[in-house]
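Trainee: Please take one part of this model and go through it closely. Start from a single element, then work outward to what surrounds it.

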Amino acid sequence: MTPQKLLPVEKCSLGCPILDCCMGGGIPCNSITEIVAESGSGKTQLCLQLSLRAQLPPFLGGLSASSLYLYTEFPFPTRRLHQLSSALQCQYPQIFASNYDPCDSIFLQSVNTADQLLDIMPQVESFLENSKTRLPVRVIVIDSMAALFRAEFENTASDLIRRSSLFFKISGKLKEFAKRFNLVVLVTNQVMDVMDSGEGVNEVRIGNLSGMYSSGRRVCPALGLSWANCVNSRLFLSKDEYESGLVGGGEKGLWESTDKRGDGFTLFLPHIPLVCPVTFVLQFELVFTSLHGGFASAEK
C-alpha cells in the first residue's frame with residue numbers, strides 16, 4: 001500500500017451523463033480502457049468527445065489537459081470534431097475564450113501498422129515529457145486497435161505468436177505511460193460474430209459473452225484472449241436501429257429519421273463493484289457549421 005493508492009483515481013468525462021454514471025464518473029487515469037462495438041455504434045464519437053472534454057477543469061469532469069489522438073482508420077472525421085468543438089464552446093463560453101479553438105489542443109498522428117505503432121512509442125514518450133503545449137498532455141486515444149491487426153496477420157502459429165508479442169509490448173508501454181504521467185488511455189476495438197453455441201470463442205470464456213448482441217447478432221470482442229488480458233477495463237456498446245417517425249415539415253413529413261439505440265454495459269470494470277445495463281439513443285441531425293482553425297501535429 002502506497003500513499004498514491006489511497007488517493008481517489010482521477011477520471012475524465014465521456015460527455016454522456018448516462019455512460020459517465022455507468023463508468024463511475026468517466027474514464028479512469030492510470031489504466032487502459034477499451035470501448036468495444038461494431039462499426040457505426042459511436043466509438044469514434046465518444047473518443048472525440050473525451051479528447052475535447054479533457055480540456056475542461058476537473059470540477060466540470062475534465063482534466064485541464066490536451067490529448068494525443070492516434071487514428072488508424074481513414075479519413076479522420078475532421079468535420080465532426082469541429083462540430084463537437086463548436087458545441088462545447090457554446091456550452092462552456094466562460095471556459096473557452098472567443099479566440100481559442102479546442103481543436104488546437106488535440107494532437108493527431110496517423111498510424112498504418114502495428115509495427116509503426118510500436119516504433120513511435122519513443123516519440124510518444126518524448127512528446128509527453130517535453131511538450132510545451134498550452135495544456136499538459138494527459139489523454140491518449142487509439143482509434144482503433146483492431147484496424148492495425150485486421151489484415152496484416154494470418155491465422156498461423158508464427159503470426160499468432162508475433163501478434164501476441166505486439167499486443168503485450170504495445171499495452172506494456174501504454175500502461176507505463178498511463179502510470180508515469182497519470183494518463184487516460186482509451187482504445188477502441190471492433191467485434192466479430194460468434195458462430196458456435198458455446199459460452200465463448202473456441203470454448204474460452206472472455207467476460208460476459210453470453211449477453212453480447214449487436215444488430216441482432218451474437219458477437220464478441222475482436223483480437224482474442226491475448227488482447228483481452230492487456231486492457232484494464234472494457235465497455236461494450238451494442239447497436240439497434242429503429243424508425244422514430246417522420247420529420248422534415250408538413251403533416252406527413254419529408255423523410256423518415258433513423259435513430260440508433262444503444263444498449264451499453266460493461267464486461268469488466270475493476271474500479272466498480274457492479275454496473276447495470278444502460279440504454280441510450282444516438283439521434284442524427286443535420287448540422288450546418290463553418291469549419292475553421294487548425295490542428296497541431298504530433299508527428300515530429
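Mentor: Contact here means heavy atoms within 4.5 Å. Keep that cut-off in mind for what follows, and keep in mind that this is a predicted model.

The part I would pick is helix α4, which runs over residues 78–91. It has 14 residues, and the distance from its first C-alpha to its last is 20 Å, close to the 20 Å expected at 1.5 Å a residue. Its buried residues are L81, H82, Q83, L84, S85, L88 and Q89. An α-helix has 3.6 residues a turn, so residues three or four places apart point the same way. Compare L81, L84, S85 and L88, which are among the buried positions. The cover over the buried residues of α4 includes helix α3 (43–53) and strand β5 (106–110).

Now the approach to the helix. The loop between β4 and α4 contains P75. The peptide bond from F74 to P75 is cis, with omega near 0°.

On the other side, the loop between α4 and β5 holds Y100. Is Y100 buried or exposed? Y100 has a relative accessible area of 11%; the limit for buried is under 20%, so Y100 counts as buried. Leaving out residues up to four places away in sequence, Y100 touches Q55, Q89, S105 and R134. Of these, Q89 belongs to the buried set of α4. Y100 and Q89 are eleven residues apart along the chain, and their C-alpha atoms are separated by 9.2 Å. With S105 there is also a polar contact, side chain to side chain, at 2.4 Å.

From the loop before α4 we can step back to strand β4, residues 66–71. Ahead of this strand, S64 sits in the loop between α3 and β4. S64 is not a glycine, yet its phi is positive, about 55°. It is partly exposed, with a relative accessible area of 27%.

Strands of a sheet pair through backbone hydrogen bonds, either parallel or antiparallel. β4 and β6 run parallel and are joined by six bridges. Strand β6 covers residues 137–143, and seven of its seven residues are buried. β6 is also joined to strand β7 (residues 184–189) by four bridges, again in the parallel sense. V141 shows both pairings: in β6 it is the bridge partner of Y69, and in β7 its own bridge partner is L186.

There are two backbone details around these strands. A second cis peptide bond joins D143 and S144, with omega about 0°, and S144 lies in the loop between β6 and α7 (146–149). N182, in the loop between α8 (157–181) and β7, has a positive phi of about 55° although it is not a glycine. At 22% relative accessibility, N182 counts as partly exposed.

Further along the chain there is an open sheet of three strands, in the order β8-β10-β9, with antiparallel pairing. β8 (191–193) and β9 (213–214) stand at the edges, each with a single partner strand, so one side of each has no neighbour in the sheet. Three bridges pair β8 with strand β10 (residues 217–221). One of the partnered residues is V191, whose bridge partner in β10 is P221.

Next, the cysteines. Zero disulfides are found in a search of the whole structure. C29 is in no disulfide, and the nearest cysteine sulfur, that of C12, is 7.5 Å away; a disulfide would need the sulfur atoms within 2.5 Å. C29 is buried at 2% relative accessible area. C47 is also buried, at 0% relative accessibility.

Last, the confidence of the prediction. The mean pLDDT of the protein is 80, and 73% of its residues reach 70 or more. Residues 246–258 have a pLDDT below 50, and this stretch has 22 contacts in the model beyond near neighbours in sequence. The pLDDT is also below 50 over residues 284–300, a stretch with 36 such contacts. Where pLDDT is low, the predicted coordinates should not be read in detail.

How values were computed
Residues numbered from 1 in each chain as written. Heavy atoms only, no water. Expected span 1.5 Å × (residues − 1). Buried < 20%, exposed > 50% of the residue type's maximum accessible area, 1.4 Å probe, protein only. Pairing = 2+ DSSP bridges. pLDDT = per-residue confidence, 0-100. Polar contact = N/O pair within 3.5 Å; in protein donor to acceptor, adjacent residues only side chain to side chain.
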